[in-house]
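Dear colleague,

Please find below the structure that I am handing over to you. My findings follow directly after it.

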Amino acid sequence: MYPLRLFGDPVLKQRAREVEELDGDLVTLVHGMYDTMDLEDGIGLAAPQVGVRKRLFTFDLHEGDGPAVVINPVIVEREGEVLSDEGCLSVPGYRFEVARAERVTMRGLDLDGTEIVLEGDELMARMIQHEIDHLDGVLLLDRVDPDVRKEALRDMRTREMGAHEPTPRSGHDRGL
């Protein structure tokens, strides 16, 4: 298990490096990320969110397949556009409406080095795009309207000073 890096941590704004070796250390990292994602009630977790600048993310949409990992992911096809409400484990207590591709196809590797292809829409498409954004150093707040971002940052500063409690997360959609 790893502590989550939160908004403001510089590692979240840096582009992650390609994974070059699939070794025991990587397996240990991935299993720790599975545990962290589960404990934090997330559906996706990128390595930079636990302070590791490697291009990989774990995910579990809780549809019966269990957790999985994608190493060196690349989106190869995007279709359509949809606005949807999105949260982030690294920006706890906030949700924002974000424009994303409606459907995506992504290629990457699993822990054995086998190429995998994920195609998805709705939650799967949103999760893939969100996690790859993390690998590129792009945060959820970078994808919202500038006025919304400014208001959220103002609210975060107020919360840091202890003025009020964070807005509760919606129970129907887990953090990415």
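**Sheet and strand pairing**

β1 and β2 run antiparallel and are joined by 3 bridges. Please note that the model is a predicted one. Within this pairing, Gly44 has Phe59 as its bridge partner in β2. Phe59 is in turn bridged to Ala68 in β3. The connection between β2 (residues 56-59) and β3 (residues 68-79) consists of 4 bridges, and these two strands also run antiparallel. Another residue of β2, Leu56, has Ile71 as its bridge partner in β3.

These strands belong to an open sheet of 5 strands, with the order β1-β2-β3-β6-β7 and antiparallel pairing. The edges are taken by β1 (44-46) and β7 (115-121); each has a single partner strand, so one side of each is left without a neighbour in the sheet. From one strand to the next, the twist averages 40 degrees.

In a regular strand, side chains alternate between the two faces of the sheet. For β2, both faces are covered: Leu56 and Thr58 are buried on one side, and Phe57 and Phe59 are buried on the other.

**Helices across the sheet**

Two helices lie across strands of this sheet. Helix α1 (residues 24-39) lies across β1, β2 and β3, and runs at about 40 degrees to β2. Helix α2 (residues 122-135) lies across β1, β2, β3, β6 (103-109) and β7, and runs at about 120 degrees to β7.

α1 has 16 residues, and the distance from its first C-alpha to its last is 23 Å, close to the 22 Å expected at 1.5 Å a residue. At its N-terminal end, α1 is capped by Asp23, with a side-chain oxygen 3.3 Å from the backbone nitrogen of Asp25. The buried residues of this helix are Leu26, Leu29, Val30, Gly32, Met33, Tyr34, Thr36 and Met37. Their cover includes β1, β2 and β3. Just after α1, Asp41 takes a positive phi of about 60 degrees.

**Aromatic pairs**

A pair of aromatic rings is described by the distance of the centres and the angle of the planes. The structure holds 2 aromatic pairs. In one, the rings of Phe57 and Phe59 have centres 6.1 Å apart and planes at 50 degrees, so the pair is tilted. Phe57 has a relative accessible area of 0% and is buried. Phe59 is buried as well, with a relative accessible area of 9%.

Tyr94 and Phe96 also form an aromatic pair, and this one is stacked, with 6.1 Å centre to centre and 0 degrees between the planes. Tyr94 is buried, its relative accessible area being 11%. Phe96 counts as buried too, at 6% relative accessibility.

**Surroundings of Ser90**

Where does Ser90 lie? Its place is in the loop between β4 (82-87) and β5 (95-100). At 1% relative accessibility, this serine counts as buried, because the cut-off for that class is under 20%. A polar atom of the Ser90 side chain lies 2.7 Å from the backbone oxygen of Arg5. Leaving aside residues up to four places away in sequence, Ser90 touches Arg5, Leu6, Phe7, Leu12, Gln49 and His134.

**Backbone angles to note**

Most residues other than glycine have a negative phi. Two further residues are listed here for their backbone angles.

- His62 is not a glycine, yet has a positive phi of about 60 degrees. This histidine is placed in the loop between β2 and β3. His62 is partly exposed, with a relative accessible area of 36%.
- Asn72 has a positive phi of about 50 degrees, although this residue is not a glycine. Asn72 lies in strand β3. With 15% relative accessibility, Asn72 counts as buried.

Kind regards

Terms used
Residues are numbered from 1 along each chain as its sequence is written. This is a predicted model: local features need pLDDT of at least 70, side-chain atom pairs count only at pLDDT 80 or more; totals for chains, interfaces and linings use all residues. Side-chain values use heavy atoms; hydrogens and water are left out. Rings of Phe, Tyr and Trp (its six-membered ring) pair if their centres lie within 6.5 Å; planes under 30 degrees apart count as stacked, over 60 as edge-to-face and the rest as tilted. Buried means under 20% relative accessible area, exposed over 50%, partly exposed in between (1.4 Å probe, protein chains only). A polar contact is a pair of N or O atoms within 3.5 Å; within protein, one must be able to donate a hydrogen and the other to accept it, and residues adjacent in sequence count only if both atoms are side-chain atoms. Contact means heavy atoms within 4.5 Å. Two strands pair if DSSP finds at least two bridges between them. Axes are lines fitted to C-alpha atoms, for helices over the stretch in contact, and angles run from 0 to 180 degrees between N-to-C directions. The expected span of a helix is 1.5 Å times one less than its number of residues.
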